Amino acid sequence: MKNLYCPVGLAIGMYAPLKYNADKSALQSKYGTYPILDEVLDIRCPSNQEVQSYDEIVPEWGYSKISEQKNKNLALVMQINIENIAGKRVLLAGFGGGTEFRMLESLKPSEIYVVEYGNFICDFAKKYKATLDCKVRFYIGDICNLPFPDNYFDAVITSGIVHHTRTPELAHRSMWRVLKQGGELNYGHIYKVSLHNRRVSVDRERFGFHLMDVNKAKKLLKLYTIFYTFLVNTRLLKLINREWYRLPFLLELNGIPDKDYIYYRNNAFDYYLPKYRHIVYREDVLDWFEQCGVSATKTPKGFSGKK
């Protein structure tokens, strides 16, 4: 585990290299100690080295299995330049259900570095690492404070993650720092301003599932989902006066009706359990790139900018 710097040191502008401790069970610097869990380094700041909300969400999703055609379609809508990926060192900032990971693997990079904030990535690494087609390094880490050297990656890919970080622009600057000159930072899905996302934000604050004991919150969300799925798919929800009766679900506003219980449950977990869920203005994303000295391109899926 070379070329890693202490996140606490980086936060105060100090590039402090990490070194193994005596029994090689952790990496350390004078600013903190970072344990190795099942061969996966936990590179989060010491105060954040604990079970996260996504550890209770993703295992219930199951890991994504994607066809070759879907991999191609995803690369197309994200406008990923395959020449920037094949044979190159790539950072995947955030793992989620593994959709973007499977797509990246199909594009044949020489190395994929995966940084995921949740401990669940240890389970994936243990189960699948031996079957992967390219060299993959897994880290439990915070994309707001990446531990890698400046100008280290040929490309950085992230999707569905930045809005769940504590500070999205800080995450952008961290990913930009580790991107090489000429490399591309590509955003897939971002929660942008919409009626749907505004109402979800209101209901997050109203019901506070993300502040509850996670097992209690999951039980409540599952019960609500059963009832909600029935109301949506029978069209009865349209007859209910939402001013006086409000379920903590607004998924019918996303334009994807007639889904099953699993779809609504997974989305409910994604919307209401994470600690953070920001709504990001299109203008803000463009400004992040402009603050780094470049112009971003809007893609069908998100945004892309070249350093």
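Here is a friendly conversation about how the features of this structure get their names.

Reader: What kind of model is this, and how are its residues numbered?

Author: This is a predicted model, in which local features need pLDDT of at least 70 and side-chain atom pairs count only at pLDDT 80 or more, while totals for chains, interfaces and linings use all residues. Residues are numbered from 1 along each chain as its sequence is written, and side-chain values use heavy atoms, with hydrogens and water left out.

Reader: Why is Cys45 called buried?

Author: Buried means under 20% relative accessible area, exposed means over 50%, and partly exposed is in between (1.4 Å probe, protein chains only). Cys45 has a relative accessible area of 18%, so Cys45 is buried. Cys122, at 8%, counts as buried too.

Reader: How do you know whether Cys45 is in a disulfide?

Author: A disulfide is a pair of cysteine sulfur atoms within 2.5 Å. By this rule the count comes to 0 disulfides. For Cys45, the nearest cysteine sulfur is that of Cys6, 7.3 Å away, and Cys45 is in no disulfide.

Reader: What makes Lys24 exposed, and what does its phi look like?

Author: Lys24 has 57% relative accessibility, so Lys24 counts as exposed. This residue is found in the loop between β1 and β2. Its phi is near 60 degrees, a positive value in a residue other than glycine.

Reader: And why is Gln79 put in the partly exposed class?

Author: Gln79 has 40% relative accessibility, so Gln79 counts as partly exposed. Gln79 lies in the loop between α3 (68-77) and β5, and its phi is near 50 degrees, again positive in a residue other than glycine.

Reader: Which strands are the edges of the sheet, and what makes them edges?

Author: Let's start with the words. Strands (E, at least two residues) and helices (H or I, at least four) are DSSP runs, numbered from the N terminus. Two strands pair if DSSP finds at least two bridges between them. The open sheet has 11 strands with mixed pairing, in the order β1-β2-β3-β4-β7-β6-β5-β8-β9-β11-β10. Its edge strands are β1 (19-20) and β10 (297-298), since each pairs on one side only.

Reader: How do you know that β1 and β2 pair?

Author: β1 and strand β2 (residues 26-29) share 2 bridges, in the antiparallel sense. Tyr20 stands opposite Leu27 in β2.

Reader: What are the partners of β8?

Author: Strand β5 (residues 89-93) pairs with β8 in the parallel sense over 3 bridges, and 5 bridges join β8 to strand β9 (residues 179-187), also parallel. Ala155 of β8 faces both ways along the sheet: Val90 stands opposite Ala155, and Ala155 stands opposite Glu184 in β9. From β8 the chain crosses through helix α6 (residues 168-178) to β9, and this β-α-β crossover is right-handed (with the strands pointing away from the viewer, the path from the first strand over the helix to the second runs clockwise). Strand β8 (residues 153-158) is also mostly covered, with 6 of its 6 residues buried.

Reader: Why is the contact between Glu111 and Arg137 called a salt bridge?

Author: A salt bridge is a side-chain nitrogen of Lys or Arg within 4 Å of a carboxyl oxygen of Asp or Glu. The closest N and O atoms of Glu111 and Arg137 are 3.2 Å apart, and the two form a salt bridge. Glu111 lies in strand β6 (residues 111-116) and Arg137 in strand β7 (residues 135-140), so the pair ties together parts that are 26 residues apart in sequence. Arg89 is linked with Glu111 and Arg137 in a network of salt bridges.

Reader: What about Glu169 and Arg173: how far apart are their closest N and O atoms?

Author: They are 3.4 Å apart, and Glu169 forms a salt bridge with Arg173. Being 4 residues apart in helix α6, the two are separated by about one helical turn. A search of the whole structure finds 11 salt bridges.

Reader: What makes up the nonpolar patch on the surface?

Author: Phe227, Phe230, Leu236 and Leu239 form this patch, with about 420 Å² of accessible area together (Shrake-Rupley method, 1.4 Å probe, only the protein chains shown counting as cover for residues). Patches are made of residues with over 30% relative accessible area and no salt bridge; nonpolar side chains (Val, Leu, Ile, Met, Phe, Trp, Tyr) are joined within 5 Å, like charges within 9 Å. Phe230, at 46% relative accessibility, counts as partly exposed.
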